[in-house]
Amino acid sequence: MIRLRPMSSSDWEAVREIYRLGIEEGDATFETNPPEWSHFDGGKLTTPRLVAVEEAGSVVGWVAASPVSTRPAYRGVVEHSVYVDRAARGRGVGRLLLDAFIAQAEEVGVWTIQASIFPENTASLRLHEAAGFRVVGRREKIARSTLGTHAGRWCDTLLVERRSAKTGHD
């Protein structure tokens, strides 16, 4: 059984390793290395920021978000990331994390959640679609990848978003 709880600094080693493996695969991010905890912590909202934990206590996934802008008009718009450990994929961990993240985000007044996803990352696209996200655009050749199957080439990303019905901004 998987349970969710707020992420804390004591989770960072496991979160960082899941993030590192996701970076290594090359279909999740243009990042080349996970940041140090202080950088991650300083750039992410504290709520919602969640980890998925197995019964044995191992962290098997995480979700966190950053504000898209410091301008007051965008105070309810965030960009999120969700990562699941390779060994835990296909067990609904991503959906648990994303559903709980959405619920908590709406509670704190977030009206738009967005993410950039590689078109080749079909598992992430399916997960987000099932959680109510829609593709709103394609960013062509937005950045050059340095890792994984995309190494050395310019890559597109799909911009997905979910608008909250609860905040009156659907």
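Which strand gives the most to the lining of the largest pocket? Keep that question in mind while you open the structure, which is a predicted model, and walk through it one selection at a time.

**First stop: strand 2 and its neighbours**

Select residues 50-53, which make up strand 2, and show their side chains: L50 and A52 point one way from the strand, whereas V51 and V53 point the other way, and all of them are buried. This is what one expects, because in a regular strand the side chains alternate between the two faces of the sheet.

Now add residues 3-6, which form strand 1, and you will see that strand 1 and strand 2 run antiparallel and are joined by four bridges. To look at one particular place in this pairing, pick R5, whose bridge partner in strand 2 is V51.

Next add residues 59-67, which are strand 3; here again four bridges make the connection to strand 2, and the two strands run antiparallel. Across this pairing, A52 stands opposite G61 of strand 3. Then follow the chain through the hairpin of strand 2 and strand 3, where five residues lie between the strands and where G57 takes a positive phi near 100°.

**Second stop: the aromatic rings**

Colour the aromatic residues, since a search of the whole structure finds eight aromatic pairs. Begin with W12 and F40, whose rings form a tilted pair, with 4.7 Å from centre to centre and 40° between the planes. Because W12 lies in helix 1 (residues 12-25) and F40 in helix 2 (residues 37-43), this pair ties together parts that are 28 residues apart in sequence.

Keep F40 selected and add W62, and a second pair appears, this time edge-to-face, with 5.5 Å from centre to centre and 80° between the planes. F40 belongs to helix 2 and W62 to strand 3, so this pair ties together parts that are 22 residues apart in sequence. Are F40 and W62 buried or exposed? Both of them are buried, and W12 is buried as well.

To finish this stop, select W12, Y19, W37, F40, W62 and Y83 together, for ring pairs link these residues into a cluster.

**Third stop: R91**

Move to R91, which is found in the loop between strand 4 (77-84) and helix 3 (93-107). R91 counts as partly exposed because its relative accessibility is 45%, a value that falls between the limits of 20% for buried and 50% for exposed. Which residues does R91 touch, if those up to four places away in sequence are not counted? They are I2 and E54, and with E54 there is also a polar contact of 2.9 Å between the side chains. If you draw a line from R91 to F118, C-alpha to C-alpha, you will find the two 22 Å apart in space, while they are 27 residues apart in sequence.

**Fourth stop: strand 7 and the segment after it**

Select R162, which lies in strand 7, and look for the point where the side chain of R162 reaches the backbone oxygen of A131 at 3.0 Å. Leaving aside neighbours within four places in sequence, the contacts of R162 include I102, E106, W111 and F133.

E106 is also worth keeping on screen for the next selection, S164, which has its place in the segment after strand 7 (154-163). The side chains of S164 and E106 are joined by a polar contact of 2.8 Å. S164 is buried, with a relative accessible area of 2%.

**Last stop: the empty spaces**

The search of the whole structure finds one cavity of 30 Å³ or more, and the space in the largest cavity is about 30 Å³. To find the place, select the lining residues, among them I23, F30, S145 and L147.

The largest pocket holds about 1200 Å³ of space. There are 44 residues in its lining, and those closest to the centre of the pocket are A28, S81, V82, Y83 and S124. The elements that give two or more residues to this lining include helix 1, helix 3, strand 5 (112-117), helix 4 (122-130) and strand 6 (134-144).

The opening question can now be answered: strand 4 gives the most to the lining of the largest pocket, with six residues.

Key
Residues numbered from 1 in each chain as written. Predicted model: local features only at pLDDT ≥ 70, side-chain atom pairs only at ≥ 80, totals over all residues. Heavy atoms only, no water. Buried < 20%, exposed > 50% of the residue type's maximum accessible area, 1.4 Å probe, protein only. Pairing = 2+ DSSP bridges. Phe/Tyr/Trp six-rings, centres within 6.5 Å; stacked < 30°, edge-to-face > 60°. Contact = heavy atoms within 4.5 Å. Polar contact = N/O pair within 3.5 Å; in protein donor to acceptor, adjacent residues only side chain to side chain. 1 Å grid on protein atoms, 1.4 Å probe; cavity = no way out; pocket = protein on both sides within 12 Å on 5 of 7 lines; lining within 4 Å. Points joined across faces, edges and corners; volume = space filled by probe spheres on them.
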